[in-house]
Amino acid sequence: MAKKNNEKEQICSFCGKNADTSRRIIAGPGVFICDHCVDVCKGILDEENQQLSTEFSGEIPTPKDIKDHLDQYVIGQEQAKKTLSVAIYNHYKRIANPSRKPDDIVIEKSNVLLIGPTGSGKTLLARTIAQKMKVPFALADATTLTEAGYVGEDVENILLKLIQNAGGNIASAERGIIYIDEIDKIARKGENASITRDVSGEGVQQALLKIIEGTIASVPPQGGRKHPNQEMINIDTSNILFICGGAFVGLDKTIETRVAENPMGFGADIKLKKDRNLQELFDHLGPDDLIKFGMIPEFIGRLPITVALDELVRDDLMRILTEPRNAIVKQFQASLGIDKVDLIFEDDSIEAIAELAIKQNTGARGLRAIVEKLMIDIMFDIPSIKGKKQVVITKDVVNKTIKPEILLLDKKTA
C-alpha cells in the first residue's frame with residue numbers, strides 16, 4: 001500500500017518511523033511496517049535459510065570426535081559407542097552430500113537398533129549424540145503408540161515432538177534424531193501372524209514403517225487425532241535418524257540356542273554363558289532371531305544397524321557415579337555447594353551405592369534414585385543451617401547403619 005492522504009497517521013509498528021521519513025509504508029490490520037524494516041526482516045530470514053541449508057555442508061565431526069564426546073558422558077560400552085559414532089558420521093555425511101543427478105548413486109538412510117538391558121545407557125547415548133551434532137532430539141515411548149483409529153497416540157505425534165523441540169523450524173526438525181524407547185514391547189504376540197488385531201504390537205510396527213523409512217508425513221499441529229479439514233504440518237522424514245532401543249528380554253537365550261554346537265546337550269548353555277558376555281553374544285544376532293522375538297521382517301529391514309550394549313557391572317556403575325562430566329555425585333556436590341556444603345563421598349560408599357543398584361537390577365538408571373533417597377534428610381536440614389558445613393557419606397550411611405552428620409566448619413576453631 002503506497003502513501004495516501006492519511007500518511008501522517010501511518011507510523012511503522014516496528015521502528016516508529018512515520019510516512020514522511022519512509023519511502024513506503026505497508027498497512028496491515030491495525031499495524032504498519034516501513035520498507036526499511038521489511039528489508040531487515042528479509043535479511044534475517046535469508047540468513048536463517050542459509051544457515052539451515054549449509055548446516056552439515058562443512059565440517060562434520062569424525063567418528064573419533066563423536067566417540068570422544070560420548071566418552072565424557074557414557075561409561076563403558078566401548079564397541080557400542082564406536083559403532084554408533086560411525087553410523088552417525090555416515091548419516092550426516094549422506095545429508096551433506098545429497099544426490100544431485102538422476103544417475104547418482106542414492107545412499108539409503110541407515111537407522112539404528114540399540115539392544116541392551118534396562119539402565120545400560122541407550123537413551124543417554126541417543127541424547128548425547130544429538131547434543132554433539134546440535135540437532136533437535138525427541139524421545140518417544142513405543143508402549144504409548146497405537147494404530148490410527150485406536151485409543152492411544154498416533155505415530156505421527158512422535159514427529160510433532162521433534163518439531164516442537166526444533167522451535168517449530170521444520171527444516172531443522174528434518175535433520176533431527178528421534179529415539180523410540182521400549183521398541184521390544186511392540187513385538188507381536190507370537191511368531192505367526194494373528195487373526196485378531198494387535199493394535200499395540202504388529203500394527204504399530206506397520207504404522208512406523210513409512211515414517212522410519214522416509215516419507216512426507218502429515219502431522220496435526222496440536223497433536224492428538226487427525227480430523228477431516230484439519231490443517232496439517234508436512235514434514236519429510238527422509239533425513240531424520242531413527243534410533244530404536246529395547247531390552248529384548250529373552251533374545252539372548254534365542255541366540256544362545258542357535259549358536260550352541262549342541263543346544264540339547266547338558267551344560268551347553270552354561271558353557272556359553274561363562275565364555276561370552278552380551279556383546280559377544282549379540283555379535284551373532286541375525287534378522288531371524290528378531291523375527292522369532294516378534295518383530296516383523298519389514299520393520300527389521302528399516303533398522304539395518306544393530307548395536308548391542310553390555311550389562312553394566314559394579315565397576316561401571318562406580319565410574320558412572322563419579323567420572324562423567326555430569327556425574328550424579330558431581331551434581332549433588334554442586335547443588336549442596338550453593339548452600340556452602342562440602343559434600344564428600346568416601347570410596348566405600350560409592351561401591352555400596354553400586355551394589356544396591358545391582359541388587360535392584362536397575363542399572364545406571366537407578367543410581368540417582370538411590371542417592372536422592374540417601375540425601376533427602378540432609379537436603380531438608382541444610383538450608384536452615386547457616387555457615388560452612390561438611391557432610392561425609394560413608395558405607396554405613398548408604399547401608400543405613402548410621403545417619404549422616406552435618407559438621408559446622410565455622411565452629412571447629414571455636
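In this predicted model, the side chains of Glu351 and Arg314 form a salt bridge, with an N to O distance of 3.0 Å. Glu351 belongs to helix H15, residues 347-360, and Arg314 to helix H13, residues 314-322. The pair therefore ties together parts of the protein that lie 37 residues apart in sequence. Neither partner is fully covered or fully open: Glu351 is partly exposed at 32% relative accessibility, and Arg314 is likewise partly exposed at 32%.

Other charged residues are linked in a network. Lys67, Asp71, Glu78 and Lys81 are joined by salt bridges that share partners. The structure holds 13 salt bridges in total.

A further salt bridge connects Glu213 with Arg302. The closest N and O atoms of Glu213 and Arg302 are 3.4 Å apart. Glu213 is in helix H7, which covers residues 202-213. Arg302 sits in the loop between helix H12 (297-301) and strand E9 (305-308). The two parts are 89 residues apart in sequence, so this pair ties a helix to a distant loop in the chain numbering. Glu213 is partly exposed, with 40% relative accessibility. Arg302 is also partly exposed, at 22%. This value is above the 20% under which a residue counts as buried, so Arg302 falls in the intermediate class.

The salt bridge between Lys185 and Asp184 involves residues of unlike accessibility. The closest N and O atoms of this pair are 3.4 Å apart. Lys185 is partly exposed at 42% relative accessibility. Asp184, by contrast, is buried, with a relative accessible area of 7%.

Not every acidic residue is paired in this way. Glu346, Asp347, Asp348 and Asp396 form a negative surface patch. Patch members have no salt bridge and over 30% relative accessible area. Asp396 meets the area requirement because its relative accessibility is 38%, which makes this residue partly exposed. Asp396 is located in helix H17, residues 395-398.

The loop that follows H17 contains a backbone feature. Lys400 lies between H17 and strand E12 (406-408). The phi angle of Lys400 is near 65°, a positive value in a residue other than glycine. Lys400 is exposed, at 66% relative accessibility. Phe248 also has a positive phi, about 50°, although this residue is not a glycine. Phe248 is placed in the loop between strand E8 (241-246) and helix H8 (251-259). The surroundings of these two residues contrast: Phe248 is buried, with a relative accessible area of 2%, whereas Lys400 is exposed.

Two further buried positions were examined through their contacts. Ala138 is in strand E4, which spans residues 137-141. Its relative accessible area is 1%, and Ala138 therefore counts as buried. Beyond its neighbours within four places in sequence, Ala138 contacts Ile158, Lys161, Leu162 and Asn165, along with Ile177, Ile178 and Tyr179. The C-alpha atoms of Ala138 and Gly176 are separated by 8.1 Å. Ala138 and Gly176 are 38 residues apart along the chain.

Gln205 occupies a place in helix H7, the helix that also carries Glu213. The accessibility of these two H7 residues contrasts. Gln205 is buried at 0% relative accessibility, while Glu213 is partly exposed. Residues up to four places away in sequence aside, Gln205 touches Ile186, Ala187 and Arg188. Its other contacts on that basis are Gly294, Met295, Ile296 and Phe299.

At the level of the whole protein, the secondary structure comprises 17 helices and 12 strands. Of the 414 residues, 41% count as buried. The accessible surface comes to about 23,000 Å². Carbon and sulfur atoms account for 51% of that surface. Among contacts between residues at least 6 apart in sequence, 67% join residues at least 24 apart.

Definitions and conventions. Residues are numbered from 1 along each chain as its sequence is written. This is a predicted model: local features need pLDDT of at least 70, side-chain atom pairs count only at pLDDT 80 or more; totals for chains, interfaces and linings use all residues. Side-chain values use heavy atoms; hydrogens and water are left out. Helices (H or I, at least four residues) and strands (E, at least two) are DSSP runs, numbered from the N terminus. Buried means under 20% relative accessible area, exposed over 50%, partly exposed in between (1.4 Å probe, protein chains only). Contact means heavy atoms within 4.5 Å. Accessible areas come from the Shrake-Rupley method with a 1.4 Å probe; for residues, only the protein chains shown count as cover. A salt bridge is a side-chain nitrogen of Lys or Arg within 4 Å of a carboxyl oxygen of Asp or Glu. Patches are made of residues with over 30% relative accessible area and no salt bridge: like charges are joined within 9 Å, nonpolar side chains (Val, Leu, Ile, Met, Phe, Trp, Tyr) within 5 Å. Lys and Arg count as positive and Asp and Glu as negative; His and the chain ends are not counted. The place of a charge is taken as NZ of Lys, CZ of Arg, CG of Asp or CD of Glu.
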